Amino acid sequence: MEQLICKNLKLGYEDITLAEDLSFSVEAGDYLCIVGENGAGKSTLMRTLLRLQKPLGGTIEYHDDLTASSIGYLPQQTLVQKDFPASVYEVVLSGCQNSMGFHLFYSKEAKERARKNMERLGISGLAKKCYRDLSGGQQQRVLLARALCATEKMLLLDEPVAGLDPLVTTEMYSLIDKLNDEGITVIMISHDIACSVKYAKHVLHIGNEFFFGTVDDYRKSPAGNKYLGEGCHHHHG
Amino acid sequence: MNYWAYPFVRYALIVGVLIALCSSLLGVILVLKRFSYIGDGLSHVAFGAMAIAAVVGLTDQMVLTLPITILCAILLLWTGQNAKIKGDAAIAMISVGALAFGYLLMNLFPTSSNIAGDVCSSLFGSMKILTLTKTEVILCIVLSIIVVIAFIALYNRFFAVTFDESFAKAVGTKTTLLNFVIATIIAVIIVLAMNLVGSLLVSALVIFPALSAMRIFKSFKSVTIFSAILSVCCAFFGIVLSILCDTPVGSTIVITDIAAFGVCWVVGRIKGN
């Protein structure tokens, strides 16, 4: 079943167009990897899918009870978060904010969901730890748990392994793969084309060249040949 | 201690403690959002607005200072995100401009024979203990209650929007509205606090308790609670101290806050190692 259909999307800011004529669709349980050069509009595409900014043209359709606010989002870390005094539990719980409605406080179910997702990602032991004292990999797990609190259907990950060391990167990739196996649709932006394509089912390449299709077709395509030739830098076994 | 018998001492203590409470609550958010300087900028705006109110001859200056400050607060928070002039430059521009404008007005249209004294007390707060009317005290109590209730009611959303605005917006939280609420509350606090510590020292009330709490505590909730308690204690001791030692009330409170920060810094270092 298709969850997300984009037709002729045009992305950018006011008078700057970053990408044009993007058409693709995402099915339930899919694992889509968005690749492309810096400045190709990958993050802008993601922000547009989340309705953080408007597309300059084209349409985005959400199906299968999916709405922009029921997508779990893992943004790139900001400077503000680096020394933010918040416990892991507080951060994860804030992922439940879309289910608060007009209530002022989190419900029992929300708190239960936060606990379950911490368990799911193996960070229950860190619940009372301060977010800023964690390692980069642990911080990403916390943010991923928060994203999971917001959704049961779809995750949008913006460079989830940026700045992580090789071992932790591999762990992160298999964690995301595991979530995908559990039935959650994954859309991921990555710089590391060769490595991320290993886990993905579909590839969307934007920028100088456009490609949308399965990973196998991508390997055979001109764009895939060009970018996959570099090899996988992180995956050592 | 028979000072308690005087109503103006009671008033000053009530108002001081309430303002300290409100400013410390919002201070945590402002410091974490990297908006520490907005308090400083807004207090200068309030100073300029007060000068206008004095020249126009308003008896209740808050009628003018409050809306102008709220407007500027919204403007600053809004430009901070998407304008061509970046947030910090916009704050510097507006704050220095308002300061100059206010001082010029006070000199061009003097309302009393002692301009230097007037300017000095609006910048640094009253020389001696505050003299407040009953109406001012009641207004302050009402506004403080509103601020505290708003803070508690929106606590979870404030945390969400402070920690990660993109995420909050993506999952459908009304971040723009929340930012406006934050801007409005901070403007109200600043206008209230100006009488107490003067416009140059207002931001001390906003940032010091939050920074002190962050030295020691590691969760948002504990930082917020400790910062409120610390701020209230510092304001109380500061006011009492200023009465006993006959010092200016505003700077005495700020010195108490700085001392508390020093203690928290040391405790934080010991705890951290």
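In this predicted model, strands β5(A) and β6(A) run parallel and are joined by 4 bridges. Within that pairing, Gly72(A) stands opposite Leu155(A) of β6(A). Strand β5(A) is covered on both faces: Ile71(A) and Tyr73(A) are buried on one side, and Gly72(A) and Leu74(A) are buried on the other. Helix α5 of chain A (residues 136-150) lies across β5 and β6 of chain A, and runs at about 165° to β5(A).

## The two sheets of chain A

Let us widen the view from that pair to the sheet around it. Six strands of chain A make an open sheet with mixed pairing, in the order β5-β6-β7-β3-β8-β9. Its edges are β5 (71-74) and β9 (211-214) of chain A; each has a single partner strand, so one side of each is left without a neighbour in the sheet. On average, neighbouring strands of this sheet are turned by 15° against each other, direction ignored.

At the β9(A) edge, the partner is β8 of chain A (residues 202-205), and the two pair in the antiparallel sense over 4 bridges. Here Val203(A) stands opposite Gly213(A) of β9(A). Helix α1 of chain A (residues 42-49) lies across three strands of chain A, namely β3 (31-35), β6 and β7 (185-189), and runs at about 150° to β6(A).

Chain A also has an open sheet of 3 strands, ordered β2-β1-β4, with antiparallel pairing. Here β2 (16-27) and β4 (57-62) of chain A take the edge positions with a single partner strand each, so one side of each is left without a neighbour in the sheet. From one strand to the next, the twist averages 15°. Strand β1 of chain A (residues 2-13) pairs with β4(A) in the antiparallel sense over 5 bridges, and Lys10(A) stands opposite Gly57(A) of β4(A). Helix α1(A) packs on this sheet too, touching β1, β2 and β4 of chain A, with its direction at about 125° to that of β1(A).

The strand pairs described so far can be set side by side:

| Strand pair | Sense | Bridges |
|---|---|---|
| β5(A) and β6(A) | parallel | 4 bridges |
| β8(A) and β9(A) | antiparallel | 4 bridges |
| β1(A) and β4(A) | antiparallel | 5 bridges |

## Two domains in chain A

Which residues make up each domain of chain A? Domain 1 takes in 1-66 + 153-237, and domain 2 covers 78-151. The centres of the two domains, taken over C-alpha atoms, are separated by 24 Å. Their contact takes 10 residues from domain 1 of chain A and 6 residues from domain 2 of chain A.

On the domain 1 side, the elements giving two or more residues are β6 (154-158) and α6 (166-181) of chain A. Helix α6(A) gives the most to this side, with 4 residues. By character, the domain 1 side divides into 7 nonpolar, 1 polar and 2 charged residues.

## Where the chains meet

Turning to chain B, 25 of its residues are in contact with 21 residues of chain A. On the chain B side, α6 (134-163), α7 (165-170) and α10 (220-245) of chain B are the elements that give two or more residues. Helix α6(B) provides the largest share, 6 residues. This side of chain B divides into 13 nonpolar, 5 polar and 7 charged residues.

## The nonpolar core

Which residues have the most contacts inside the largest nonpolar core? They are Leu156(A), Ile186(B) and Ile189(B), in a core of 159 residues. Helix α8 of chain B (residues 175-197) supplies the largest share of this core, 15 residues. From chain A, the core draws at least three residues from each of domain 1 and domain 2.

Beyond residues up to four places away in sequence, Ile189(B) touches Ile19(B), Cys22(B), Ser23(B), Leu26(B) and Val147(B).

## A closer look at Leu241(B)

Leu241(B) has its place in helix α10 of chain B. Is this residue buried or partly exposed? Leu241(B) counts as partly exposed because it has 16 C-beta neighbours inside 10 Å, whereas a buried residue needs 20 or more. Leaving aside neighbours within four places in sequence, Leu241(B) is in contact with Thr252(B) and Thr256(B). Ser203(B) is 38 residues apart from Leu241(B) in sequence, and their C-alpha atoms are 21 Å apart in space.

How values were computed:
Residues numbered from 1 in each chain as written. Chains lettered and ligands numbered in written order. Predicted model: local features only at pLDDT ≥ 70, side-chain atom pairs only at ≥ 80, totals over all residues. Core = buried A, V, L, I, M, F, W, Y, C linked by C-beta atoms within 7 Å. Buried ≥ 20, exposed ≤ 12 C-beta atoms within 10 Å, placed from the backbone. Domains from an automatic or database assignment. Contact = placed C-beta atoms within 7 Å. Nonpolar A, V, L, I, M, F, W, Y, C, P; charged D, E, K, R; others polar. Pairing = 2+ DSSP bridges. Axes fitted to C-alpha atoms, helices over the stretch in contact; angles between N-to-C directions.
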